[in-house]
Amino acid sequence: MTDFEFENILKNDIRKVDNSLLSYLPDAKDGQYQVAEAMKYSLINGGKRIRPVLALEFARACGGTRNDCLPLACALEYVHTYSLIHDDLPCMDNDDLRRGKPSCHKQFDEATALLAGDALLTHAFEIISEAELSDDKKVIAVSLLAQNSGVSGMIGGQVIDLLFEQGSPNLKELLTVYKLKTGALISAACLLGCISAGADSSQMAAASKFAYSLGIAFQIQDDILDITGDEKKLGKPVGSDATNSKKTYATIAGLTKAQQDVKKLTDNAISQLDAFEDTEFIKLLALKLVNRDR
């Protein structure tokens, strides 16, 4: 696959997601306008759409269609967007910028941002409930997304991460955080694609292994970029981990080992793709994600 072909597929997938995200927003009534605007502001704030693209492409790799998976992909992006709004809040990471623009609580206010995040999270499950999929698939999708978003997944990883912020976690403990905080939603993306297409158990298992390896590699690369990255390209402050005395994989293991482990994890992820058909795009996407500079 040429770079042109890859970029064409990626742009088409992102366009498909972007065109649908706003269509799922609930209508604002009475005094709901500001929170609806905050939801919209955060949804369209230039995201890479990595997770929904993975969902669409795993659906295709399992013999399904992108259109069948689209509601699940958009629901996932709602959850991801809510998590970013909350991560930026003063009580969490206290970041003023997100993707080069004011964070939601800076553009609006803290209370509105908090409620916008809550609204995105809850609306995600309404989107799934109204999808044109079988009831069995929708129940499995709701359960999977809830598990990967909650205490057993992303939120659980965030809680542990907060505990470690002023402490001295070892690499094993950090990997647990990365698996939950980052890997869980990436796993949800790949598995939601599989669910929409009616994948078998071996494909589900391979997708999960792919996702967790890629998710950890992605987070380690994020740590690396916080040391070596360009703030203009990243669209957020660089060096915040060091400023906040936060231990990361890159600061504990060192840049060289962190870079080596990113490659090893990526190779492990790509090896799982043998369980699927026509995965060249997914392979190239994985490589571009872990070799990114922004």
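## An aromatic pair between H2 and the H5–H6 loop

Tyr41 counts as buried, with a relative accessibility of 17%. That places Tyr41 on the buried side of the cut-off because buried here means under 20% relative accessible area. All of this is read from a predicted model, so please keep that in mind as we go. The ring of Tyr41 has a partner in Phe108: the two ring centres are 5.6 Å apart and the planes stand at 80°, so this is an edge-to-face pair. Phe108 itself is partly exposed, at a relative accessible area of 24%.

The two rings come from distant parts of the chain. Tyr41 belongs to helix H2, while Phe108 sits in the loop between helix H5 (104-107) and helix H6 (110-129), 67 residues apart.

## Aromatic contacts around Phe58

Four aromatic pairs turn up in a search of the whole structure. Another of interest is Phe58 with Phe276, which is edge-to-face with 5.2 Å from centre to centre and 90° between the planes. Phe58 is in helix H3 and Phe276 is in the loop between H14 and H15, so this pair ties together parts that lie 218 residues apart in sequence. Both of these residues, Phe58 and Phe276, are buried. Together with Phe210, they make up one aromatic cluster.

## Salt bridges

The model contains twelve salt bridges. In one of them, Arg66 pairs with Asp13, and the closest N and O atoms are 3.0 Å apart. This bridge spans distant parts of the chain: Arg66 is in helix H4 (residues 66-88) and Asp13 is in helix H1 (residues 3-21), 53 residues apart. The two ends sit in contrasting surroundings, for Asp13 is buried at 2% relative accessibility, whereas Arg66 is partly exposed with a relative accessible area of 25%.

Arg60 and Asp278 form another bridge through their side chains, at 2.9 Å from N to O. Here too the partners come from distant parts of the chain: Arg60 lies in helix H3 (residues 50-61), and Asp278 lies in the loop between helix H14 (255-271) and helix H15 (280-290), 218 residues apart. Arg60 is partly exposed, with a relative accessible area of 21%. For a local example, look at Lys263 and Asp267, whose closest N and O atoms are 3.0 Å apart in a salt bridge. Both lie in helix H14, four residues apart, or about one turn of the helix. Lys263 counts as exposed at 53% relative accessibility, and Asp267 as partly exposed at 39%. Elsewhere, salt bridges with shared partners join Asp13, Glu57, Arg60, Arg66 and Asp278 into one network.

## Helix H1 and its two faces

Asp13 brings us back to H1. This helix has 19 residues and reaches 27 Å from its first C-alpha to its last, close to the 27 Å expected at 1.5 Å a residue. Which residues of H1 are buried? They are Phe6, Leu10, Asp13, Ile14, Val17, Ser20 and Leu21. These residues cover an arc of only 135° around the axis, so they fall on the same side of H1.

The buried residues of H1 pack against helix H2 (33-43), H3, H4 and H15. On the face turned away from that buried side, H1 carries the exposed residues Phe4, Lys11 and Asn19.

## Two buried positions: Leu89 and Ser149

Leu89 lies in the loop between H4 and strand S1 (97-98). Despite its place in a loop, Leu89 is buried, with a relative accessible area of 4%. Setting aside residues up to four places away in sequence, Leu89 touches Asn94, His105, Glu110, Ala113 and Leu114. The C-alpha atoms of Leu89 and Ala124 are separated by 21 Å, with the two positions 35 residues apart along the chain counted as their separation.

Ser149 is part of helix H7 (residues 135-149) and is buried, at a relative accessible area of 5%. Beyond its neighbours within four places in sequence, Ser149 is in contact with Val79, Met154, Ile155 and Leu185.

## Confidence in the model

The chain has a mean pLDDT of 91, and 94% of its residues reach 70 or more. Confidence is highest in H7, at a mean of 98, and lowest in helix H11 (residues 231-234), at 53. Where pLDDT is low, the predicted coordinates should not be read in detail.

How values were computed. Residues numbered from 1 in each chain as written. Heavy atoms only, no water. Salt bridge = Lys/Arg side-chain N within 4 Å of Asp/Glu carboxyl O. Buried < 20%, exposed > 50% of the residue type's maximum accessible area, 1.4 Å probe, protein only. Expected span 1.5 Å × (residues − 1). Arc of directions from axis to C-beta. Contact = heavy atoms within 4.5 Å. pLDDT = per-residue confidence, 0-100. Phe/Tyr/Trp six-rings, centres within 6.5 Å; stacked < 30°, edge-to-face > 60°.
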